Amino acid sequence: MPTTIIRVDKHKSFKGIRDAGAHQFRHAKTPNADPDRNHLNIILKGDDNLERRVKNALEVCKIKPRKNAVLAMDGIMSLSPEMFSTGTDTKVFIEESDKFLKEKFGQRYLSGVAHLDEKTPHIHFT
């Protein structure tokens, strides 16, 4: 059944944020990604230092997180493979997803990367 997918995880450590950034920006080995297609990935927002972006956002907001605080939320957006196989335009999916993230989260939308180097296109966001 064709469907939309959104999943969100909490990050309570900067190590988790670094690991998420390493995956999103392909600094870490990703077994299900085709390294010959990495150049197709699109950075929608931010840069490849996710930890620095989160720390800067906390400083700007004058937030000193508690020891067990959620530092950032990391998510993934996609469509089921059936939707892409029935002609859904990947470019439109990326544009509309980025627009949604900007409208929903505003300045709290720190990072967005569209992965086109895997079987099903998807967007990671923080």
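I began with Arg 26 and looked up its place in this predicted model: Arg 26 lies in the loop that runs between helix 1 (14-24) and strand 2 (42-45).

Next I asked whether Arg 26 is buried or exposed. Its relative accessibility is 14%, and because buried means under 20%, I entered Arg 26 as buried.

I then turned to the polar contacts of the Arg 26 side chain, and I noted one with the side chain of Asp 117 at 2.8 Å and another with the side chain of Glu 118 at 2.6 Å. Which residues does Arg 26 contact once its neighbours within four places in sequence are left aside? I listed Gly 21, Ala 33, Asn 38, Asn 41 and His 115, together with Asp 117 and Glu 118.

From there I went to the nonpolar cores. The largest has eleven residues, and I wrote down Met 77, Phe 93, Leu 101, Ile 123 and Phe 125 as being among them. Strand 3 (72-79), helix 4 (90-105) and strand 5 (122-125) each give this core at least two residues, and the largest share, three residues, comes from helix 4.

I looked up Met 77 in this core and, not counting residues up to four places away in sequence, found that Met 77 touches Ile 5, Ile 6, Phe 93, Ser 97, Phe 100, Leu 101, His 122, Ile 123 and Phe 125.

My last entry concerns a second core, separate from the one above, which has eight residues, including Leu 50, Val 54, Leu 58 and Leu 110.

Methods:
Residues are numbered from 1 along each chain as its sequence is written. This is a predicted model: local features need pLDDT of at least 70, side-chain atom pairs count only at pLDDT 80 or more; totals for chains, interfaces and linings use all residues. Side-chain values use heavy atoms; hydrogens and water are left out. Helices (H or I, at least four residues) and strands (E, at least two) are DSSP runs, numbered from the N terminus. Buried means under 20% relative accessible area, exposed over 50%, partly exposed in between (1.4 Å probe, protein chains only). A polar contact is a pair of N or O atoms within 3.5 Å; within protein, one must be able to donate a hydrogen and the other to accept it, and residues adjacent in sequence count only if both atoms are side-chain atoms. Contact means heavy atoms within 4.5 Å. A nonpolar core is a set of buried Ala, Val, Leu, Ile, Met, Phe, Trp, Tyr and Cys residues joined through side-chain atoms within 4.5 Å.
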